[in-house]
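Student: Please take a close look at the aromatic pairs in this structure and at what surrounds them.

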Amino acid sequence: MEVPDLKTESGRRFLDSLLLQSSFITGPSPSQADTMVYNRLASSHQVEDKDMDNLARWLSNMNSFEASERKAFPASPININIAQSQRPTKASHHPFPCPL
């Protein structure tokens with residue numbers, strides 16, 4: 001399953017709509033897919049979307065588990081690929097090209 005970049009609103013809306021169908025990412029029980037998505041959301045600090053009730057419910061569920069419990073979730077029954085934002089290289093930060 002391809003998941004859009006979770007740092008974007010559209011990525012979080014995708015996740016919110018996915019969670020309308022089930023309690024966890026891949027079904028009724030948590031898996032490593034949930035742990036991966038949870039960790040990505042936590043690292044991006046993008047977890048305060050007010051109008052995404054399904055995402056808020058899922059986050060509340062995930063927060064109820066200790067880190068050791070999340071780590072022990074079973075393997076995901078499907079592969080999850082989460083898109084990442086392209087980070088600019090150092091050269092692209094420079095406003096003027098450097099002569100060779």
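Tutor: The pairs come first, then a charged neighbour, then the core. The model is predicted, so local features need pLDDT of at least 70 and side-chain atom pairs pLDDT 80 or more, while totals for chains, interfaces and linings use all residues. Residues are numbered from 1 along each chain as its sequence is written, and side-chain values use heavy atoms, without hydrogens and water.

Searching the whole structure gives 2 aromatic pairs (ring centres within 6.5 Å, with the six-membered ring taken for Trp; planes under 30 degrees apart are stacked, over 60 edge-to-face, the rest tilted). Tyr 38 and Trp 58 are edge-to-face, because their ring centres are 6.3 Å apart and their planes stand at 65°. Tyr 38 belongs to helix 2 and Trp 58 to helix 3, so this pair links parts 20 residues apart in sequence (helices are DSSP runs of H or I, at least four residues, numbered from the N terminus). Both Tyr 38 and Trp 58 are buried (under 20% relative accessible area with a 1.4 Å probe, protein chains only; exposed is over 50%, partly exposed in between).

Phe 65 and Phe 73 are also edge-to-face, with centres 5.0 Å apart and planes at 90°. Phe 65 is partly exposed at 23% relative accessibility, whereas Phe 73 is buried at 9%.

Arg 70, in helix 4 (residues 67-71), has contacts beyond four places in sequence that include Tyr 38 and Phe 65 (heavy atoms within 4.5 Å).

Trp 58 is also among the residues touching the most other members of the largest nonpolar core, which has 18 residues (buried Ala, Val, Leu, Ile, Met, Phe, Trp, Tyr and Cys joined through side-chain atoms within 4.5 Å). Helix 1 (9-21), helix 2 (32-44) and helix 3 (53-63) each give two or more residues to this core.
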